Amino acid sequence: QVQLVESGGGLVQPGGSLRLSCAASGSIFSINTMAWYRQAPGKQRELVATIFRGGSTNYADSVKGRFTISRDNAKNTGSLQMNSLKPEDTAVYYCNALTIVEGRLTSHWGQGTQVTVSS
């Protein structure tokens, strides 16, 4: 069984920063990709950032230049550094990982962590 544990969410003022962390555990051979999604009330879940095993990254246009995704392949962990936060960044943030478990590529989700950007 694979589990993703997130941490780092909270309340921050506009212009502030937060760092989200995601730790994967279980019978994981490797993590192909790690990604962060977010979902605001009444909105669809959207992809925020993706990082591939080799280190290549993709970002949603709304967060480019402000967010940085990273990973530590040896530790099966990932992070999302969020700077210059805006109220519209308020959402539940979810870590996602595509992993190889028992020879099969599978998708896993964390429970989500609340990020609130407000004065």
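In this predicted model, the side chain of Q81 reaches the side chain of N83 in a polar contact of 2.9 Å. A second polar contact, at 3.2 Å, joins the side chain of Q81 to the side chain of R19. Q81 itself belongs to strand 8, which covers residues 77-82. Once its neighbours within four places in sequence are set aside, Q81 is in contact with two stretches of the chain: S17, L18 and R19, together with R66, F67 and T68.

It helps to step back and look at the whole chain. The secondary structure of the protein chain consists of 11 strands and zero helices, so the radius of gyration can be read against this background: at 14 Å it is close to the 14 Å that the globule rule gives for 119 residues, and the chain is therefore as compact as a globular protein of that length. Along the principal axes, the C-alpha trace spans about 45 × 25 × 25 Å. Buried residues account for 40% of the 119 residues. Among contacts with a separation of 6 or more, 54% are between residues 24 or more positions apart.

The interior comes next. In soluble globular proteins, nonpolar side chains tend to be buried together. Here, the largest nonpolar core has 28 residues, and those touching the most other members are W36, V48, F67, L80, M82 and Y93. Strands that each supply at least two residues of this core include strand 1 (2-7), strand 3 (18-26), strand 4 (30-39) and strand 5 (46-52), as well as strand 7 (67-72), strand 8, strand 9 (91-101) and strand 11 (113-117). Strand 9 gives the most, with five residues. Y93 shows how such a core residue is surrounded: leaving out residues up to four places away in sequence, Y93 touches E6, L20, W36, Y37, R38, V48, F67, L80, M82, G112, T113 and V115. F67 thus appears both in the contacts of Y93 and in those of Q81.

Aromatic rings add another layer to the picture. Two aromatic pairs are found in a search of the whole structure. One of them is formed by Y94 and W109, whose rings meet edge-to-face, 6.5 Å from centre to centre and with 85 degrees between the planes. Because Y94 lies in strand 9 and W109 in strand 10 (residues 104-109), this pair ties together parts that are 15 residues apart in sequence. Y94 has a relative accessible area of 13%, so this residue is buried, whereas W109, at 37% relative accessibility, counts as partly exposed. Ring pairs also bring in Y37, which joins Y94 and W109 in a cluster. R45 lies over the face of Y94, at 3.8 Å from the ring centre, and likewise over the face of W109, at 4.8 Å from the ring centre.

A final aromatic residue offers a contrast in setting. F29 is found in the loop between strand 3 and strand 4. With 70% relative accessibility, F29 counts as exposed, because that value is over the 50% cut-off. The C-alpha atom of F29 is separated by 26 Å from that of T113, a residue 84 positions away along the chain. T113, for its part, is one of the residues touched by Y93.

Definitions and conventions:
Residues numbered from 1 in each chain as written. Predicted model: local features only at pLDDT ≥ 70, side-chain atom pairs only at ≥ 80, totals over all residues. Heavy atoms only, no water. Helix = DSSP H or I, 4+ residues; strand = E, 2+ residues; numbered from the N terminus. Polar contact = N/O pair within 3.5 Å; in protein donor to acceptor, adjacent residues only side chain to side chain. Contact = heavy atoms within 4.5 Å. Core = buried A, V, L, I, M, F, W, Y, C linked by side-chain atoms within 4.5 Å. Buried < 20%, exposed > 50% of the residue type's maximum accessible area, 1.4 Å probe, protein only. Phe/Tyr/Trp six-rings, centres within 6.5 Å; stacked < 30°, edge-to-face > 60°. Lys NZ or Arg CZ within 6 Å of the ring centre and 35° of its normal. Rg over C-alpha atoms; globule rule 2.2 N^0.38 Å.
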